[in-house]
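Student: I'm new to this one, and I'd like a close look at a single part of it. Could you pick a helix, walk me through its surroundings and then link it to the rest?

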Amino acid sequence: MKKLTAIITAIIMLAAQGPAYALGEDTAYRLSSEGAGVWGIIASYSADMGMPANALPQSLATNSTYEQAEFLMASKALGRDVSAIAGIIKRSQMKNGKLADFTDGTGEKSVRAHIWGIIALYSAWDNGYDKSSALRWLKTKQNSDGGFGYEAGKPSDIKTTSEAVLAFKALGIESEEAAARALSYIEAKLPAEKNGEKLAWAFFAKHSMGKDDQKLYERLRSYELPDGSYSLSSSNKTYNYAATCAALLALKEYENGYSVFKKLHNADMFKDLRRTDYAYLEVMELVNRGIASGYPDSTFRPSLKVTRAEFAKFLVYALGYENSPARESITFKDLEDHWAEKTVYTAVGKKLINGIGKGRFAPDQNVTGAQIVAMLVRAKGLEGIAARFEGENWYDGYVSAAIRRGLIYEGFDPETSATRAQCAKALSKLY
């Protein structure tokens with residue numbers, strides 16, 4: 001699972017140059033409007049762009065496994081129940097592990113149908129098929145050069161190979177030899193590639209496996225048009241739907257630190273948190289980044305109060321400090337043998353949080369809005385601004401600085417204990 005490990009660097013970068021990728025209104029409308037197509041819906045979802053409910057029919061009359069797979073992902077992006085579609089794809093699996101070309105369980109040619117069947121079932125959080133045999137079948141179709149062709153026996157191509165890498169990622173085998181060979185094939189073919197869509201898929205695949213490539217990033221961005229859309233050719237700078245969708249998926253993965261497929265995978269995972277609820281997007285951002293998690297009973301408990309130790313952990317992980325050494329020169333007698341001892345000392349060492357006096361930290365005391373805002377201000381390096389303001393309460397300067405710099409979260413109350421949902425709102429201000 002990939003998570004954000006250097007969010008401060010990202011904050012500095014984004015502050016300097018703005019979002020990694022922003023669409024103009026016309027292009028955003030084209031991608032998310034009715035009739036735009038499933039990949040426009042999926043790409044729009046990756047960027048949290050609103051989509052009309054009628055952008056997709058309720059069902060798809062086709063026996064193509066590939067088309068059902070992309071329809072599943074677009075449907076889940078719209079918040080629909082996709083269990084029936086997942087069932088159709090699962091039932092297509094053949095005895096040899098192949099997710100068949102057609103939903104009646106026939107057809108062994110299409111490698112892409114198999115690849116996207118795997119990714120779609122991952123997106124649906126459906127493991128009710130034979131993943132081991134599906135992986136074995138996919139490996140048998142890897143060509144000697146390490147790449148994959150769109151059909152069994154066909155020459156390798158960079159797009160299908162990039163898609164296969166994403167399937168490997170969905171199956172959790174990014175460290176295996178087959179994935180490494182596929183990445184090597186992509187690397188070898190990239191210098192001569194001049195197709196904007198294929199470059200986007202290659203960038204997506206490489207970055208999802210933790211292979212940063214700044215030169216490829218710059219090459220891909222050279223295909224960008226003034227309105228944020230993308231062209232297929234560097235010489236013919238005209239809007240191309242497929243290239244724009246692929247670029248949006250790839251660059252949002254780069255910007256967020258997680259793929260749209262992981263976002264789909266985690267969506268609707270909590271039975272007590274709906275997409276229309278307060279802080280849903282912020283909560284899921286923390287979950288997708290690996291900063292927060294739910295409970296074994298599939299709940300997130302958004303209204304549960306958060307302790308000082310818990311918020312310290314959230315903050316340390318959000319800032320990528322989880323592997324930083326803990327400061328040993330400061331000790332709190334109520335932290336000895338506490339589960340959050342190391343994390344709290346890391347936060348203290350980074351000057352994000354203080355004790356409450358008399359050698360105590362009060363790790364199990366609920367964190368207040370004022371304490372959260374003070375930590376956000378420190379994390380952003382704004383204590384100088386806070387110090388200029390004199391008020392009756394210890395936190396007045398921090399609140400003033402937070403208001404000036406847009407760090408006040410919805411529902412903020414300085415003296416009230418914060419909930420898990422409010423903490424998600426607060427942490428979202430960091431990125």
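**A close look at helix H20**

Tutor: Let's start with what helix H20 leans on: its buried residues pack against helix H14 (280–288), helix H15 (308–318) and H17. Keep in mind that you're looking at a predicted model. H20 itself covers residues 420–428, and eight of its nine residues are buried, so the helix is largely enclosed by the rest of the structure. If you want to find them, the buried ones are Arg420, Ala421, Gln422, Cys423, Ala424, Lys425, Ala426 and Leu427.

Now follow H17, one of the helices that H20 packs against. H17 runs over 369–379, and a loop joins it to helix H18 (383–387); Leu382 sits in that loop. Is Leu382 buried or exposed? It's buried, because its relative accessible area is 8%, and the cut-off for buried is under 20%. Setting aside neighbours within four places in sequence, Leu382 is in contact with Val377, Ala401, Arg405 and Leu407. Try Tyr398 as well: it lies 16 residues from Leu382 in sequence, and their C-alpha atoms are 8.5 Å apart in space.

From there, step out to the wider interior. The largest nonpolar core has 135 residues, and Trp39, Met73, Trp116 and Phe311 touch the most other members. Helix H12 (residues 241–256) gives this core its largest share, nine residues. In soluble globular proteins, nonpolar side chains tend to be buried together. Zoom in on Trp116: leaving out residues up to four places away in sequence, it touches Trp39, Tyr66, Ala69, Met73, Glu163, Trp201 and Phe261.

Next comes helix H6, which spans residues 111–123 and pairs with helix H7 (residues 131–140); their axes come within 11 Å and cross at roughly 145°. That crossing is left-handed. On the H6 side you'll find Val111, His114, Ile115 and Ile118, meeting Ala134, Trp137 and Leu138 of H7. Those contact residues split into six nonpolar, one polar and no charged.

Finally, how far can you trust the picture? The chain has a mean pLDDT of 90, with 91% of its residues at 70 or more. Confidence is highest in H6, at 98, and lowest in helix H1 (residues 7–17), at a mean of 29. Over residues 1–19 pLDDT stays under 50, though the model has 33 contacts for them beyond four places in sequence. Where pLDDT is low, the predicted coordinates should not be read in detail.

Technical notes: Residues numbered from 1 in each chain as written. Predicted model: local features only at pLDDT ≥ 70, side-chain atom pairs only at ≥ 80, totals over all residues. Heavy atoms only, no water. Axes fitted to C-alpha atoms, helices over the stretch in contact; angles between N-to-C directions. Helix = DSSP H or I, 4+ residues; strand = E, 2+ residues; numbered from the N terminus. Left-handed = near helix turned anticlockwise from the far one by under 90°. Contact = heavy atoms within 4.5 Å. Nonpolar A, V, L, I, M, F, W, Y, C, P; charged D, E, K, R; others polar. Core = buried A, V, L, I, M, F, W, Y, C linked by side-chain atoms within 4.5 Å. Buried < 20%, exposed > 50% of the residue type's maximum accessible area, 1.4 Å probe, protein only. pLDDT = per-residue confidence, 0-100.
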